[in-house]
Amino acid sequence: PQRTTDSPNQDIIDKLTELMELHKAKLGGEDHWRAFSYNKCIRALRNYPRRIKTAEEARGIGGVGKKTAQKIVEILQTGDLRRIAYEKTKDVEVTRLFQGIYGVGQSIAFQWYAAGCRTLEDLQAGKGGVKLSHVQRIGLQHYDDINSRMPRAEAREIFELIKPIALSIDHKLFVEIMGSYRRGKVDCGDIDILLTRPTDDGSTHSGVIPRLLEELHAAGILTEDLALPDEPFDLECTYRGLCRLPHVDGSRHRRIDFLSVPWTSRGAALLYYTGDDIFNRAMRYKANVLGYSLNQKGLFGNVVRDPRNRRVKFNDGVLIASETEEEIFKILGVPWQEPHERVR
Ligand code: DCP
Ligand code: MG
Ligand code: MN
C-alpha cells in the first residue's frame, strides 16, 4: 500500500512528482524516460523511513541516481527545485513559437512539443513523426513575414493594386480596407478588405470573389491561399491568404483577408470589420444588455436566449439595423466614434 502523506521526505516527493508530471505531459522520447525514472525514484523515497540528510544518503536508496541526488540536496537546502520553473517556461516558450505558425493553436503546439519538437527546424524535419498540413507548411515557410507587421504605406500600396483590378471586374463594387488600417494605425498585421455592391440595378457581386482571386494570383499579388470561401458564389463569404508587392525584389509576403457581404449588411460589416476586437466585444455586450444581438450581418431584436446559458440563442431575431454604422451606434445609445477612436 502506498501512503502518500506521511513520508518524512514528503516535500522532496512533492517536488519530484511535480517535475515528473511536467515530463509526463510532454512524453517526448527523452521526457518519457525521465518521467519513468522519477517514478521509480519516488516509489523508493516513499518507502524510505528516515529524513534524508545528505547526497550520499540519497545515492544509497535504490533507484536514486547522481542527478536526482543533487536535486534532492537542492530541495533540502533551498526548499525549491529550479528545474521545475525551467521546464515550465521552456514549454511555454516553445509552444508560443509554434503558435506563430498560421493556423496553429495551443492544442497542436502542445502535441508537437509532446512529440519531442523544440524548434521550427524540428517541425520542418518532421521530428517525432510530426506531420504538417499544407497550410501549416505555408505558415512555417513564411514564419517571419507572417509574424511581422507591415508599414501602413505598404498596405496602401498593395491595396492600390487590388482596387482597380476589382473595379475592372465590376465598376460598381464597393472595395475598402478595414481593420487596423481604417483605424489609422501606423502598421498593420494584415490587409482586411471589405467587398460589396449596391443592387439598385438588379445585379449583385455574386461570383466576383472567385474571379478577383484568380486575377490577383495571375498578377502575382496573391501568393498563397490559406482559406478559400466555402461558398464562393454566396454574397457573404470570406477568404484568407498571402500577398505581396509584385515586381519588388524581396518584398515580404503579407497576410490578406477578404470579407464579402450583401449590400444591405454593409453598415454592420463596416462596424465589425473596423474593430478593434475589444471595441467589438464592448458593442456586442452593450447590444446583449439591451436585448439585442449584434454581428457582422446586423443588429437584431427579439432574440430569445436560453436563460441558463445566455450565449445560446433560440432564434436569430428580427433585423433592426444593418445599412449604416451610424444607426447602429444610435440604437445602442453609444456616442459616435470615428474609426481611429475605436480602440481599447
Ligand atoms: N474581429 C473581431 N474579432 C476577432 C477577429 C476580428 O471582432 N476575433 C474584427 C475586428 C478586427 C477586424 O475584424 O479589427 C479585423 O481583424 P484583424 O485580425 O485583421 O485585426 P486588426 O486589423 O484590427 O489588427 P491587425 O493590424 O493585427 O490585423
Ligand atoms: Mg487586420
Ligand atoms: Mn484580418
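Tyr48 lies in the loop that links helix 2 (29-46) and helix 3 (55-59) of this predicted model. Its environment is intermediate: Tyr48 has 19 C-beta neighbours inside 10 Å and therefore counts as partly exposed, given that 20 or more are needed for a residue to be buried. Contacts of Tyr48, with residues up to four places away in sequence left out, are made with Asn9 and Ile61. The C-alpha atoms of Tyr48 and Ile61 are separated by 7.9 Å in space, and the two residues by 13 places in sequence.

Helix 12 comprises residues 208-218, and Val208, Ile209, Leu212 and Leu216 within this helix are buried. These four residues span an arc of only 90° around the axis, and are therefore on the same side of helix 12. An α-helix has 3.6 residues a turn, so residues three or four places apart point the same way. Glu214 and Ala218, on the other side of helix 12, are exposed. The packing partners of the buried residues of helix 12 are one helix and four strands, namely helix 10 (152-169), strand 4, strand 5 (222-227), strand 6 (237-243) and strand 7 (254-260). Just after helix 12, a positive phi of about 75° is found at Gly220.

Helix 13 (residues 266-274) and helix 15 (residues 325-332) approach each other, their axes coming within 7 Å and crossing at roughly 80°. Angles of 65 to 115 degrees count as roughly perpendicular, and helix 13 and helix 15 therefore stand roughly perpendicular to each other. On the side of helix 13, the contact is formed by Gly267, Ala268, Leu270 and Leu271, and these meet Glu325, Glu327 and Ile328 of helix 15. Sorted by class, the residues of this contact are four nonpolar, one polar and two charged.

The shell around ligand 1 consists of Gly179, Ser180, Cys188, Gly189, Asp190, Asp192, Tyr272, Tyr273, Gly275, Asp276, Asp277 and Asn280. Two or more residues of this shell are contributed by each of helix 11 (179-182), strand 4 (190-196), helix 13 and helix 14 (277-289). The composition of the shell around ligand 1 is three nonpolar, five polar and four charged residues. Strand 4 thus appears in two settings, as a contributor to the shell around ligand 1 and as a packing partner of the buried residues of helix 12. Helix 13 likewise gives residues to the shell and has contacts with helix 15.

Backbone geometry was also examined. Most residues other than glycine have a negative phi, and most peptide bonds are trans. The peptide bond from Gly275 to Asp276 is cis, with omega near 0°. Asp276 belongs to the loop between helix 13 and helix 14, and both Gly275 and Asp276 are among the residues around ligand 1.

A positive phi occurs at His247, about 60°, although this residue is not a glycine. His247 is located in the loop that joins strand 6 to strand 7. With 9 other C-beta atoms within 10 Å, His247 is exposed. Asn302, also not a glycine, has a positive phi of about 55°. The loop between strand 9 (298-301) and strand 10 (305-306) holds Asn302. Asn302 has 12 C-beta neighbours inside 10 Å and so counts as exposed, the limit for that class being 12 or fewer.

Key. Residues numbered from 1 in each chain as written. Chains lettered and ligands numbered in written order. Predicted model: local features only at pLDDT ≥ 70, side-chain atom pairs only at ≥ 80, totals over all residues. Axes fitted to C-alpha atoms, helices over the stretch in contact; angles between N-to-C directions. Parallel < 35°, antiparallel > 145°, perpendicular 65-115°, else oblique. Contact = placed C-beta atoms within 7 Å. Nonpolar A, V, L, I, M, F, W, Y, C, P; charged D, E, K, R; others polar. Near = placed C-beta within 6 Å. Arc of directions from axis to C-beta.
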